There are 2 protein chains.
Amino acid sequence: MVSRLLDPPAPLAGTDADAVFRALADGTRRDILRRTLGGEHSISALAERYEMSFAAVQKHVAVLDRCGLIEKQRFGKEQLVRARVERIAQASGLLAEFEQLWRDRVGRIDLLIASDYSAEASDHSPNDEPTPNT
Amino acid sequence: MVSRLLDPPAPLAGTDADAVFRALADGTRRDILRRTLGGEHSISALAERYEMSFAAVQKHVAVLDRCGLIEKQRFGKEQLVRARVERIAQASGLLAEFEQLWRDRVGRIDLLIASDYSAEASDHSPNDEPTPNT
DNA sequence: CTAACGTACAACCAAATGGTTTCACGACTT
DNA sequence: AAGTCGTGAAACCATTTGGTTGTACGTTAG
């Protein structure tokens, strides 16, 4: 239990992943993430950077907040926004799992090629275990 | 130019990233991706796995196709779907850039702590260069 | 105290999403 | 030739999204 803090973050699951990827699917929000990865910014400081209204930017920040990609910290009348890398790492991790799945397939194909039992190669349904939503 | 094929794929830019992340923001589509990473499947074979209509699954496949996360290959009357890892790797790469940005910040903070010029530490606007949409 | 600032939130709107049902068409089966 | 299978695409609907404007409220500055 000692190294708990150093463990890679548990990958995103289900609804969480939905929200995180949906949040990432907007250029303005990705830009806000970039800015707040490089240092804290108040919401209005962020808003000055974009051509849309303050309220619009505030909504984007809210989206990022709801899915945990940023955190806000009140500082007097200002609210400082800071990106949460761990959360980004979680999304990253989910994609890494996908890439691993692919490597697994390549491994199986190599096995097939190496083996002599190439007779049943026309079978079309190698994958099972319906794991919807993760 | 020889090692071109081994280069990491150029990271997603702008609208592409929007589409890819939006496509990833749905559990059913992520599941389809997983299945087709493990081997080809026809659209109807995929459709059997989910509780929604065939047309709905077909639409999900279309979304994944439009943003390049899968490719389809006609085989007689069937259309085989296969995930494209490179595209997933591109999304992965964009997130990796984010994590790198964060490491850069940590680096700057370390420098600050190490240096004697801690006088101007109260300045609030370290980041510039508006790079919207990427 | 008053004014200005930073934030929050509600109401509204156009466009996109995720689902449905239905129809059409080419490709195999018999 | 007729029927079934796999696919594509249109029309429709409810919900969500990304933007707007306007209002309200606590905090800081004059």
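1. A starting point in this predicted model is Asp31(A), which counts as buried because its relative accessibility is 2%, under the 20% that sets the limit for buried residues. The side chain of Asp31(A) meets that of Arg34(A) in a salt bridge, with 3.3 Å from N to O. Arg34(A) has a relative accessible area of 14% and is therefore buried.

2. Where do Asp31(A) and Arg34(A) stand relative to each other in helix H2 of chain A? They are three residues apart in that helix, so about one helical turn separates them. As a general matter, an α-helix has 3.6 residues a turn, so residues three or four places apart point the same way. The pair also belongs to a wider arrangement, since a network of salt bridges links Asp31(A), Arg34(A) and Arg35(A).

3. Just before helix H2 of chain A, the loop between helix H1 (14-24) and helix H2 (27-37) holds Ala25(A). This residue counts as buried because its relative accessibility is 10%. Which residues does Ala25(A) touch, once its neighbours within four places in sequence are left aside? Its contacts are Arg30(A) in its own chain, together with Asp18(B), Phe21(B) and Arg22(B) from chain B.

4. Phe21(B), one of those partners of Ala25(A), deserves a closer look. With neighbours within four places in sequence again set aside, Phe21(B) is in contact with Phe21(A), Leu24(A), Ala25(A) and Arg30(A) of chain A, and with Ala91(B), Leu94(B) and Leu95(B) of chain B. The largest nonpolar core has 56 residues, and Phe21(A) and Phe21(B) are those with the most contacts inside it.

5. Ala91(B), Leu94(B) and Leu95(B), which Phe21(B) contacts, are also among the buried residues of H5(B). The buried residues of this helix further include the nonpolar Val85(B), Ile88(B) and Phe98(B), as well as Arg87(B), Gln90(B), Ser92(B), Glu99(B) and Arg105(B). How far apart are the end C-alpha atoms of helix H5 (residues 85-114) of chain B? They are 42 Å apart, which agrees with the 44 Å that its 30 residues should span at 1.5 Å a residue.

6. Arg87(B), one of the buried residues of H5(B), forms a salt bridge with Asp16(B) through their side chains, at 3.3 Å from N to O. This pair links distant parts of the chain, for Arg87(B) is in helix H5 of chain B and Asp16(B) is in helix H1 (residues 14-24) of chain B, 71 residues apart. The two partners fall into separate classes of exposure: Arg87(B) counts as buried because its relative accessibility is 12%, whereas Asp16(B), with a relative accessible area of 38%, is partly exposed.

7. Another salt bridge in chain B joins the side chains of Glu71(B) and Arg82(B), at 3.3 Å from N to O. Here Glu71(B) lies in strand E2 (residues 70-75) and Arg82(B) in strand E3 (residues 78-83), so that the pair, 11 residues apart, links distant parts of the chain. Glu71(B) is partly exposed, with a relative accessible area of 30%, and Arg82(B) is partly exposed as well, with 22%. Over all chains, the count comes to 18 salt bridges.

8. Finally, the surface of chain A carries a nonpolar patch formed by Ile109(A), Leu112(A) and Ile113(A), which together have about 300 Å² of accessible area. Leu112(A) lies in helix H5 (residues 85-114) of chain A. Is Leu112(A) buried, partly exposed or exposed? Its relative accessibility is 47%, and Leu112(A) therefore counts as partly exposed.

Definitions and conventions
Residues numbered from 1 in each chain as written. Chains lettered and ligands numbered in written order. Predicted model: local features only at pLDDT ≥ 70, side-chain atom pairs only at ≥ 80, totals over all residues. Heavy atoms only, no water. Patch = residues over 30% accessible without salt bridge, like charges linked within 9 Å, V, L, I, M, F, W, Y side chains within 5 Å. Areas by Shrake-Rupley, 256 points an atom, 1.4 Å probe, with all protein chains shown as cover. Salt bridge = Lys/Arg side-chain N within 4 Å of Asp/Glu carboxyl O. Helix = DSSP H or I, 4+ residues; strand = E, 2+ residues; numbered from the N terminus. Buried < 20%, exposed > 50% of the residue type's maximum accessible area, 1.4 Å probe, protein only. Contact = heavy atoms within 4.5 Å. Expected span 1.5 Å × (residues − 1). Core = buried A, V, L, I, M, F, W, Y, C linked by side-chain atoms within 4.5 Å.
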